[in-house]
Amino acid sequence: MLIKIAHSHPIRPSEITPESVYHGRRRFLLQIGAAAASVTLGGCEPPESGAVANTALASLKVTKKTELAGGENVTAYEDITHYNNFYEFGTTKEAPARNAGRLRTRPWSVVVDGECEAPGHVDLDELINPQVLEERIYRHRCVERWSMVAPWLGVPLAPVLRRFKPTSNAKYVAFYTLFDPRQMPETGRGVLNWPYREGLRIDEAMHPLAFLSVGLYGRVLPNQNGAPLRLTVPWKYGFKSIKSIVQITFTQWQPETSWNQLGPQEYGFYSNVNPAVDHPRWSQARERRLGELVMRKTLMFNGYPEVASLYSAMDLSTFF
Amino acid sequence: MNHLLPWRVAAWALGVVPLAFAVKWTFQSLLGPNPVEFLEHYTGDWTLRLLLTTLAMTPLRKVTRLSEPIRVRRILGLWTYAFLCLHFSIYLVFDLGLSVAQLGADLVKRTYITLGFSAWLMLLPLAITSTNAWQRRLKRRWVTLHQLIYPAAILGCTHYYWLVKADTREPLIYLAILLALLAFRVQSVGISLRRRREQPPAVRVQIETMSASTSSERP
């Protein structure tokens, strides 16, 4: 029960003041003063600057560590957790860190259904055994041209899926994010077609690089990063790595995906990182790594050439 | 003359204060995980805010019947251009690495870049000819030339609308304010045309000279 943190504890972890905030409380007061001053100046709010590491989150044990980002520097925890796209909690990069505290991540269960012999409705701890977590350091490339390197904790996706015995009809896997307007007030505005949905072809889902994450930087995932369970597909644009998953469905046909529904010309089903295929409105040849100023070159499949064989017979500019 | 001073102070403050904050936050490393993007958005936002404020001065004069709004219009216009140049420079240096070839590619392929660049180009002669000497030299053509601010404003707001991924609320607010400001002008042009038609010819000449003298009024 390593990642079980909310039960039997009268104070929720989200209510505990992080150590660093406590020790830095004078500075925090100064920041509040500065924020109050800037409110009167309307439109001059400084960007968020929060705690260095959220020590309120339970730490997790890992059995194995794999570095899969070519030895590149891991992005700061502060940056990974305060620069998020999670539209259910707001459309700015700062909003999820501010608003995702409303999300209740325990108890959490996942429905697995569709083209499989052993469908189920399973508790998170039953789905992901907290005793056998591994750490993987992956590159993460957003379709918006920013990128980072993150140490995820979790398990490979394939063995989890196999437990539900997908049939030969299972050609795709669809994933769905929780959709609860009470916990996610921003969904009321209908920017995207909720619940957020994503999908992979079954062979993509079974690839050893496809990963289910429950943690980050040695601790439980912060809510804004997709707690308690998210997909991590490092060779695809970030929006494919769906957050806060409540349902996994094996399908015979290619499932609908949220960004594709919004802009079919701009966001394809595959959305593999590809410097040669531009987004209609911007080039994908380069990216800005968080923590760096000048843009760097984007790598094919985000630097994971081992997935190329999945697409050997496909024209990647048609199936973008 | 004294009652112009608060207007001038306010117009300068609209440029100096946001710039001072940007400099302060940069030196304090308070720009967040993606400082370049923050500054691009910040300078872009302030360009549009200042541009719309500049365009609001003529309606403000008509509503309040004060001449001060027109007399601080040049200050606001030049601060608009200063923020636009900052915005463009950050993109040139950090997004393009000062590569002319990449700028060319972006101008051809990326519609929102084409729009933004065109707006910058249109406002360039306006900034250059903003001095009293140029105003005298160009006479009535100065007024015609400075009407370039209208297409530039439309391009600027559309540039913002075009680059947003899904949440279009903010760009739509800017576009709505711009349309309201333009509608005010269409309406007042309509009224003055109707008045002209209703006036006998002798009076019409008088009105034309009057309007020419007010529109070229120097700040």
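Modeller: Two strands are said to pair if DSSP finds at least two bridges between them. Helices (H or I, at least four residues) and strands (E, at least two) are DSSP runs, numbered from the N terminus. This is a predicted model, in which local features need pLDDT of at least 70 and side-chain atom pairs count only at pLDDT 80 or more, while totals for chains, interfaces and linings use all residues. Residues are numbered from 1 along each chain as its sequence is written, chains are lettered from A and ligands numbered from 1 in the order in which they are written, and side-chain values use heavy atoms, with hydrogens and water left out.

Biologist: What makes β2(A) and β11(A) a pair?

Modeller: Four bridges connect β2(A) with β11(A), residues 245-251, in the parallel sense. The rule asks for at least two bridges, so the two strands pair. One of the bridges sets G114(A) opposite F250(A) in β11(A).

Biologist: How do you know that β2(A) pairs with β3(A)?

Modeller: Strand β2 (residues 109-114) and strand β3 (residues 120-123) of chain A run antiparallel and share four bridges. V112(A) faces G120(A) in β3(A), and a hairpin of five residues leads from β2(A) to β3(A).

Biologist: Why is the contact of W25(B) with Y42(B) called edge-to-face?

Modeller: Rings of Phe, Tyr and Trp (its six-membered ring) pair if their centres lie within 6.5 Å; planes under 30 degrees apart count as stacked, over 60 as edge-to-face and the rest as tilted. For W25(B) and Y42(B) the centres are 5.9 Å apart and the planes stand at 70 degrees, so the pair is edge-to-face. W25(B) belongs to helix α1 (residues 5-27) of chain B and Y42(B) to helix α2 (residues 35-64) of chain B, so the contact ties together parts 17 residues apart in sequence.

Biologist: Why is W25(B) called buried?

Modeller: Buried means under 20% relative accessible area, exposed over 50%, and partly exposed in between (1.4 Å probe, protein chains only). W25(B) has a relative accessible area of 2%, so the residue is buried. Y42(B), at 5%, therefore counts as buried too.

Biologist: What makes R49(B) a charge over the ring of W46(B)?

Modeller: The rule requires NZ of Lys or CZ of Arg within 6 Å of the ring centre and within 35 degrees of the ring normal. R49(B) lies over the face of W46(B), 4.8 Å from the ring centre. In chain A, R139(A) lies over the face of Y304(A), at 5.2 Å from the ring centre.
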